[in-house]
Amino acid sequence: MRADVDRIVVRDLRVPAVVGVTDAERERPQTVAVRFELEIDARAAGSSDEMRDTVDYGSAAVRAADAVRRGEAKLLEHLAERIAGELLGMEGVVGVAVEVEKEKPPIPEDVRAVAVRIERR
């Protein structure tokens, strides 16, 4: 994301999701943690102190959670893309960065979590 824009950051939105490639991962929902950044122009809101001049991060969190709940996904990349598309549809959002993390992936090494991060404009 560019350094010359304003951002709203939401961290650790936790949502149950059926995500994974293996049968074991797909047996039941697991909690994924979503972090996203919305690129916005916050100058008007900074001057006016009015909600109408910014992007409602509560609504953004609801939209992101709904995107996760909308259906199963094999890949974190697919889930991140779904969330990014939903957030880019919000008025005033010109870019997004989305990170989706899941704990204890079924891989050969001892890893606490894996995450995928994408950026879209």
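Is Asp12 buried or exposed? I looked this up first, in what is a predicted model, and found that Asp12 counts as exposed because its relative accessibility is 58%, where the cut-off for exposed is over 50%.

**Entry: two residues with positive phi**

I noted that Asp12 is found in strand β1 and that its phi is near 55 degrees, a positive value in a residue other than glycine. I kept in mind that most residues other than glycine have a negative phi. I then turned to Asp49, which also is not a glycine and has a positive phi of about 60 degrees. Asp49 has its place in the loop between α2 (43-48) and α3, and I recorded it as exposed because its relative accessible area is 69%.

**Entry: the sheet**

I followed the strands next and found an open sheet of four, in the order β1-β2-β3-β4, with antiparallel pairing. Why is one side of β1 and of β4 left without a neighbour in the sheet? These two strands stand at the edges, and each has a single partner strand, so there is no neighbour on the other side. Ignoring direction, I read that neighbouring strands of this sheet are turned by 15 degrees against each other on average. Looking at one pair in detail, I saw that β1 and β2 are joined in the antiparallel sense over ten bridges, and that Val15 has Val32 of β2 as its bridge partner.

**Entry: helices on the sheet**

I then asked which strands the helices touch. Helix α3 packs on the sheet with contacts to β1 and β2, and its direction makes about 35 degrees with that of β1. Helix α4 also packs on the sheet, where it touches β2, β3 and β4, and its direction makes about 145 degrees with that of β3.

The two helices also pack against each other, at an angle of about 145 degrees and with their axes 9 Å apart, and I noted their crossing as right-handed. On the α3 side the contact is made by Ala60, Arg63, Ala64, Ala67 and Val68, and on the α4 side by Leu79, Arg82, Ile83, Glu86 and Leu87.

**Entry: a closer look at α4**

I checked the span of α4 and found that its 13 residues reach 18 Å from the first C-alpha to the last, close to the 18 Å expected at 1.5 Å a residue. Which residues of α4 are buried? I listed Leu76, Leu79, Ala80, Arg82, Ile83, Ala84 and Leu87, and I saw that the buried residues of this helix pack against β2, α3, β3 and β4. I recalled that an α-helix has 3.6 residues a turn, so residues three or four places apart point the same way. Gly85 lies in α4 too, but I entered it as partly exposed because its relative accessibility is 48%, and the partly exposed range runs between 20% and 50%.

**Entry: the nonpolar core**

Last, I looked up the largest nonpolar core, which has 31 residues, and found that Phe36, Leu38, Ile83, Leu87 and Val98 touch the most other members. The elements giving two or more residues to this core are β1 (6-17), β2 (30-40), α3 (57-69), α4 (76-88), β3 (95-103) and β4 (113-120), and α4 gives the most, with six residues. I chose Phe36 for a contact list and, leaving aside its neighbours within four places in sequence, wrote down Ile8, Val9, Val10, Leu13, Ala60, Ala61, Ala64, Leu87, Ala97 and Val98.

Technical notes: Residues are numbered from 1 along each chain as its sequence is written. This is a predicted model: local features need pLDDT of at least 70, side-chain atom pairs count only at pLDDT 80 or more; totals for chains, interfaces and linings use all residues. Side-chain values use heavy atoms; hydrogens and water are left out. A nonpolar core is a set of buried Ala, Val, Leu, Ile, Met, Phe, Trp, Tyr and Cys residues joined through side-chain atoms within 4.5 Å. Buried means under 20% relative accessible area, exposed over 50%, partly exposed in between (1.4 Å probe, protein chains only). Contact means heavy atoms within 4.5 Å. The expected span of a helix is 1.5 Å times one less than its number of residues. Two strands pair if DSSP finds at least two bridges between them. Axes are lines fitted to C-alpha atoms, for helices over the stretch in contact, and angles run from 0 to 180 degrees between N-to-C directions. A crossing is left-handed if the near helix is turned anticlockwise from the far one by less than a right angle, and right-handed if clockwise.
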